[in-house]
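Visitor: I am new to this structure. Please show it to me, and then let me ask how its terms are earned.

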Amino acid sequence: MNKLRTLAPLSIGLAACFWLQSCSNSPKTATPSSDKLQGKLVLTGSSTVAPLAAEIGKRFEAEHSGVRVDVQTGGSSRGIADASQGLADVGMVSRALKDQEKDLQAFPIASDGVSIILHKDNPVQSLSDRQVVDIYTGKIKNWQELKGKDAPITVVNKAEGRSTLELFTHYFKLKNSDIKAQVVIGDNQQGIKTVAGNPNAIGYVSIGTAEYDAANGVPIKLLPVSGVAATTANVQNGSFPISRPLNLVTKTRPQGLQKAFIDFAQSQQVQDIVKEQNFVSLSK
Amino acid sequence: MSLSLSDTLLIWTLRGCAILAGAIALLILIFLILEALPVLQQVGLFRFFTDASWNPVEGLYNLTPMLLGSVLAMVGSVLVATPLGIFSAVFCHYYAPAAIANLYRRLIELLAGIPSVVYGFWGLVVLVPLIGRIQPPGTSLSAGIAILTIMILPTIALSSDASLAKVPPEYLKGAAALGLSRWGTIWGVVFPAAKSGLFTGLILEIGRAIGETMAILMVCGNVVQIPQSLFDPIRTLTANIALEMAYATAEHRAALFVSGLMLMLIILVLVVAAEVISQGRIYD
């Protein structure tokens, strides 16, 4: 008990030291008054951003004992609505803001790319945008037509409402009801497992997850889109065409706790969390 | 005779527990209806059966393929699992040596304890590629039936086992006195006597088959369509909810609650059917 009493303030003090030190390293995150940060911060919105925001929130709470970060999901549109109506302090939005939403302030904390994946044994090395569209609308049904093996193509599509699907259909100018899929999946892992188990399948998933799995021996390969290789590096430098920012949005210029959290979420201190969650960290 | 204080206390505690248990079911039902109401008012129940397709983002809400998918997967697996389960229980009770019967029971119990996501994962990486070799893509109604059969087999096997054990020994002695053969005893005496228990097992197994989500989600392909053959992908009502809930907003979300309501309806019909079948006809 005695030990604990001395340890607790010591560890808090240590944490504060580290935090202050990191502050002095990156002046961008400096919020001098943040020692007195108190209160509750409510974040709502995108279910893609939510796990990331929750992890960042945990670390933020650990450094400011008086702060509670409450993360609730409900989709990007809820993030927009709640932020502009003031129901939440910060909204989470897993896409760029639309023109009619430009009255909100957006703060990107990471980005996410979507790439096309095939089984490693599939001899097809690249597909043009036109070919991808034809595959997904059922005009091309056999790999032979694309100089592959004589085998029917298994088209893997995402479930309705998923933002990956939105991104994919938006880039290829497809309507979801036009897509003729043989398999509909939920999360990225399921997509990767499906393609890894079927040499004739084609799917699209989040780049970070796919890159990680491909590097760890899962038999999949990432296809370039319009000639740009699907790597997190290319998402980071903006050259990869199918990508989106993950944003925190606020109604007004963030202040106090709001500002401290957003600065923290954009700082170097959380980039390991961003990578852990298979998102692309923003180069600063 | 007046009740003692402890009796009164017990009675009221029990009443309280009963009310609470009943209220939970009612609350779920009310919650489902409340959440589904906005879309039911706007779209009407009818369109959930007559719309062109299921594209809630585009305002199309046809649930029939999912309803059919749920029922087909359930019927298929129940047709396979029921005789397997009942006859394995018969084997275990009346034919197998005690040691083997015991080992067998432990094995079945083990089968019952495996989490469904493990079955699903096994199905996705082993079963689906196998079926895919016969008829691509492999994710299909047949894969769903196979997985469901394995999953509901312990339910029917264990409950038949229990109900066979409950057959009064006098019946068996009587049958032996009449000179009935072993199979004659089972068919003519044991089955009629255990009928109610067997039916209960059947209902339990059907309930599990209808409600199963994770494994089905992984092996069935989840394409919204009415299957033309055993090798076509299907989507079940449960998979529909699991796939889309995370990203659904507004009307889309409400439409998913309608598919939850429909599941509830199926279960309700099953429970009523079970009541009608097994009511007061235990020893006829």
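**The contact and the patch**

Guide: In this predicted model, chain B and chain A bury about 2,000 Å² between them, 55% of it on carbon and sulfur atoms. Buried area is the accessible area (1.4 Å probe) that two parts lose on being put together, summed over both. As to conventions, residues are numbered from 1 along each chain as its sequence is written, and chains are lettered from A in the order in which they are written. Local features need pLDDT of at least 70, side-chain atom pairs count only at pLDDT 80 or more, totals for chains, interfaces and linings use all residues, and side-chain values use heavy atoms, without hydrogens and water.

Visitor: What makes a residue part of the contact, and how many residues does the contact take from each chain?

Guide: Contact means heavy atoms within 4.5 Å. The contact takes 24 residues from chain B and 26 residues from chain A.

Visitor: How many salt bridges are there between chain B and chain A?

Guide: The count is zero; a salt bridge needs a side-chain nitrogen of Lys or Arg within 4 Å of a carboxyl oxygen of Asp or Glu.

Visitor: Why is B:Leu26 called exposed?

Guide: Exposed means over 50% relative accessible area, buried under 20%, partly exposed in between (1.4 Å probe, protein chains only). B:Leu26 has 53% relative accessibility, so B:Leu26 counts as exposed. B:Leu26 lies in helix H1 (residues 5-43) of chain B, a helix being a DSSP run (H or I, at least four residues).

Visitor: How much of chain B counts as buried?

Guide: Of the 284 residues of chain B, 43% count as buried.

Notes:
Helices (H or I, at least four residues) and strands (E, at least two) are DSSP runs, numbered from the N terminus.
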